[in-house]
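Student: Could you take me through one part of this model in detail? I would like to see how a helix sits among its neighbours.

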Amino acid sequence: MTGASEMTRTIALVADRVGWEEQQLIRTAPEFGLRIDWVNDESLCLGDPDGGSLHGYRAVLLRSRSYTRGGLVATLAEASGLPVLNSARAINACENKAVLRALLQAAGIPVPDFRLVLSRKDFGRALEELGVPVVLKPIFGGMGKRVTLIRDTDTADSVYDYVEDLGHAFEQACLVEPYLAGGTSVRCFVVGREVVAAAEFGSAGTDWRSNAALGNRSSAIGYDPEVVKIVDAVVAELGTGIYGIDLFRTDDGFVVNEVNHAPAFRGVASATGADIPLTIGAYLQELLV
C-alpha cells in the first residue's frame with residue numbers, strides 16, 4: 001500500500017488471477033493518470049464497513065472468474081461505499097443464466113427459448129417440449145465448459161446421469177434450449193454504453209461451440225442497427241459498465257445468449273483491431289473525475 005495522496009486514483013482490480021486482459025489493463029492505466037493494483041479475491045475478508053482490504057481505493061474493477069465470489073465481493077464493496085464495475089446487481093444477474101434470461105425477457109429483449117432443469121423429470125419434459133437437438137448448459141459457468149449438444153433422445157438419459165452425479169445442487173441446475181444450427185455467435189464488447197468492438201465467432205474443426213475462449217475463428221462485423229438496438233436495451237436494463245454481450249443469429253433476428261460481467265477481450269480485440277484496454281482506461285478516468 002502507498003501513501004494516501006498516491007492512492008487517490010488507484011483502482012483495485014479484484015480477480016482470482018492476472019491473465020492477459022488484466023496485464024493489459026494494468027499496463028495501460030498510467031496513460032490516464034491511474035494505477036491499477038491486483039487484489040486477489042481469495043484474500044479480501046470483506047465485511048468491515050470501512051472496506052477492509054479495499055480501504056483507500058477509489059473504485060473496484062471486478063474481474064473475478066468465480067461464479068460464487070463475484071456478486072458477493074461486489075455487494076460488500078458497494079456496501080462500504082466503493083463504486084464497483086460492474087455493479088452488484090448486474091453481476092448477480094449475469095452470473096446466473098436463468099436469472100439473466102428472466103430479466104431480459106421481462107424487459108422485452110429477445111432470448112432463446114429455454115427450460116430450467118432441476119431434476120430428471122424436468123429434463124424429460126424439456127426434451128418433449130423442445131425436441132432434439134438441444135443444448136444442455138449449466139446455470140453457472142462460462143467459456144463453453146460443460147455445454148453439451150444432445151442430438152438424439154437415445155443418449156439424453158446417459159448425459160443426464162453425469163449431471164445427477166455432480167456434487168452440489170447449484171452444479172446440477174441447468175438450462176435446456178434448442179440448438180441453433182450454424183454455430184456462429186456475435187460478441188459485442190461494451191464499455192459504458194457503447195459497443196467498442198464486435199466480432200462474429202464460428203466453430204472451428206469438429207467443435208460445434210463458437211465460444212471465443214475456445215480459440216474458434218472470428219471476424220470483425222460492421223455497424224448493425226439491430227445489434228445496437230439490442231445492446232442498448234441490455235445496458236439500459238443492467239446499467240452502464242463493461243460487458244461482453246453474446247448474441248445468436250436466428251431466422252427471426254438476433255437473440256441474447258449471455259452477458260459476461262468480467263469478459264475476456266483478447267479474441268474480439270484481435271479480430272477487430274480495437275484497443276480495448278485504452279478504451280477501458282479512458283472510461284475509468286472519466287468515472288473518477
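Tutor: Here is a close look at one helix and its surroundings, followed by a pair of packed helices. Please keep in mind that this is a predicted model.

Let's begin with helix 3, which spans residues 69-79. Its buried residues are G70, G71, V73, A74 and A77. They lie on the same side of helix 3, because the arc they cover around the axis is only 165°. Turn to the other side of helix 3 and you will find L72 and A79, which are exposed.

What lies over the buried residues? The cover of helix 3 includes three strands, namely strand 1 (10-15), strand 3 (59-62) and strand 4 (84-85), together with helix 4 (88-94). Follow the chain just past the end of helix 3 and you come to G81, whose phi is positive, at about 95°.

Now for the packed pair. Two packed helices are described by the distance between their axes and the angle between them. For helix 2 (residues 20-28) and helix 11 (residues 276-287), the axes come within 9 Å and the crossing angle is roughly 55°. The two helices are therefore oblique to each other, and helix 2 passes helix 11 in a right-handed crossing. On the helix 2 side, Q24, L25 and T28 make the contact, meeting P277, L278 and I280 of helix 11. By type, the residues of this contact are 4 nonpolar and 2 polar, with no charged ones.

Methods. Residues are numbered from 1 along each chain as its sequence is written. This is a predicted model: local features need pLDDT of at least 70, side-chain atom pairs count only at pLDDT 80 or more; totals for chains, interfaces and linings use all residues. Side-chain values use heavy atoms; hydrogens and water are left out. Buried means under 20% relative accessible area, exposed over 50%, partly exposed in between (1.4 Å probe, protein chains only). Helices (H or I, at least four residues) and strands (E, at least two) are DSSP runs, numbered from the N terminus. The arc is that of the directions from the helix axis to the C-beta atoms. Contact means heavy atoms within 4.5 Å. Axes are lines fitted to C-alpha atoms, for helices over the stretch in contact, and angles run from 0 to 180 degrees between N-to-C directions. Angles under 35 degrees count as roughly parallel, over 145 as roughly antiparallel, 65 to 115 as roughly perpendicular and the rest as oblique. A crossing is left-handed if the near helix is turned anticlockwise from the far one by less than a right angle, and right-handed if clockwise. Ala, Val, Leu, Ile, Met, Phe, Trp, Tyr, Cys and Pro count as nonpolar, Asp, Glu, Lys and Arg as charged, and the others, Gly among them, as polar.
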